[in-house]
Amino acid sequence: MNIFRLAGDTTHLISVLILLLKIYSTKSCSGISLKTQELYVMVFVARYLDLFTDFISLYNSVMKVVFITSSIAIVWCMRRHPLVRRSYDKDQDTFRHYFLVAASFVLALIFHDKFTFKEVLWAFSIYLEAVAILPQLVLLQRSGNVDNLTGQYVLFLGAYRVFYILNWIYRYFTEKNYTRWISWIAGIVQSALYADFFYYYFISWKNNSKLQLPA
């Protein structure tokens, strides 16, 4: 554990809490991509299967349970909650996310640390997480205006990945034989996808104006 890892986990948790707050307080999921949330369910379930076999620490186990259960709860609300599901914009959220799933799985079969069930699923989760935000970003571009909670959700989600990259850099220089090239490459790709959003978020903050993304 180091300060960058802790900051990454904290910003990730904050992003989830913001999204849950938006859904709970407004009874709306307007501006939220169900497809991105479904991808995150697959990411966390695939990555944290070791929850039932390996114990690392109480902190680690709690965080895994939180991310799995919260992602499932968000998808359930968007699909089943009688009020929340009415606000879901299915016509705008049309990104073909199953292509991302298929591509990530193929990459995991080809590029992995070890050809074992757990390691292939771990690699799959890393590749899929790198692109899971794409349906959300496309939805925000199509809708134009972004409400404050949705903007903050995406901001903290992107910040989580930036802090994790700093965590990997720190560990590379402080731990012997530390290499996670799959995570490094996927993390750089994921951060690059947020670059455009970060830019427009900064412009809106600087001008004290509503966040708008170009179509």
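This report walks through one helix, the nonpolar core and the main pocket of a predicted model.

Residues are numbered from 1 along each chain as its sequence is written. Local features need pLDDT of at least 70 and side-chain atom pairs count only at pLDDT 80 or more, while totals for chains, interfaces and linings use all residues, and side-chain values use heavy atoms, without hydrogens and water.

Let us start with H2, a helix (a DSSP run of H or I, at least four residues, numbered from the N terminus). Its 14 residues, 34-47, should span 20 Å at 1.5 Å a residue, and the end C-alpha atoms are 20 Å apart, which agrees. H2 is largely enclosed by the rest of the structure, because 12 of its 14 residues are buried (under 20% relative accessible area, 1.4 Å probe, protein chains only). Among them are Leu34, Tyr40, Phe44 and Arg47.

Tyr40 and Phe44 return in the largest nonpolar core, among the residues with the most contacts inside it. Such a core joins buried Ala, Val, Leu, Ile, Met, Phe, Trp, Tyr and Cys residues through side-chain atoms within 4.5 Å. These helices are among those giving two or more residues to this core:

| Helix | Residues |
|---|---|
| H1 | 3-26 |
| H3 | 58-80 |
| H7 | 148-174 |
| H8 | 181-206 |

The core has 54 residues, and its largest share, 10 residues, comes from H5.

Which residues are closest to the centre of the largest pocket? They are Arg5, Arg47, Tyr48, Asn60 and Trp122, out of 35 lining residues.

Note on methods. Helices (H or I, at least four residues) and strands (E, at least two) are DSSP runs, numbered from the N terminus. The expected span of a helix is 1.5 Å times one less than its number of residues. Buried means under 20% relative accessible area, exposed over 50%, partly exposed in between (1.4 Å probe, protein chains only). On a 1 Å grid over the protein atoms alone, a cavity is a set of points where a 1.4 Å probe fits but cannot get out, and a pocket is an open set with protein on both sides within 12 Å along at least five of seven lines; lining residues have an atom within 4 Å of a point.
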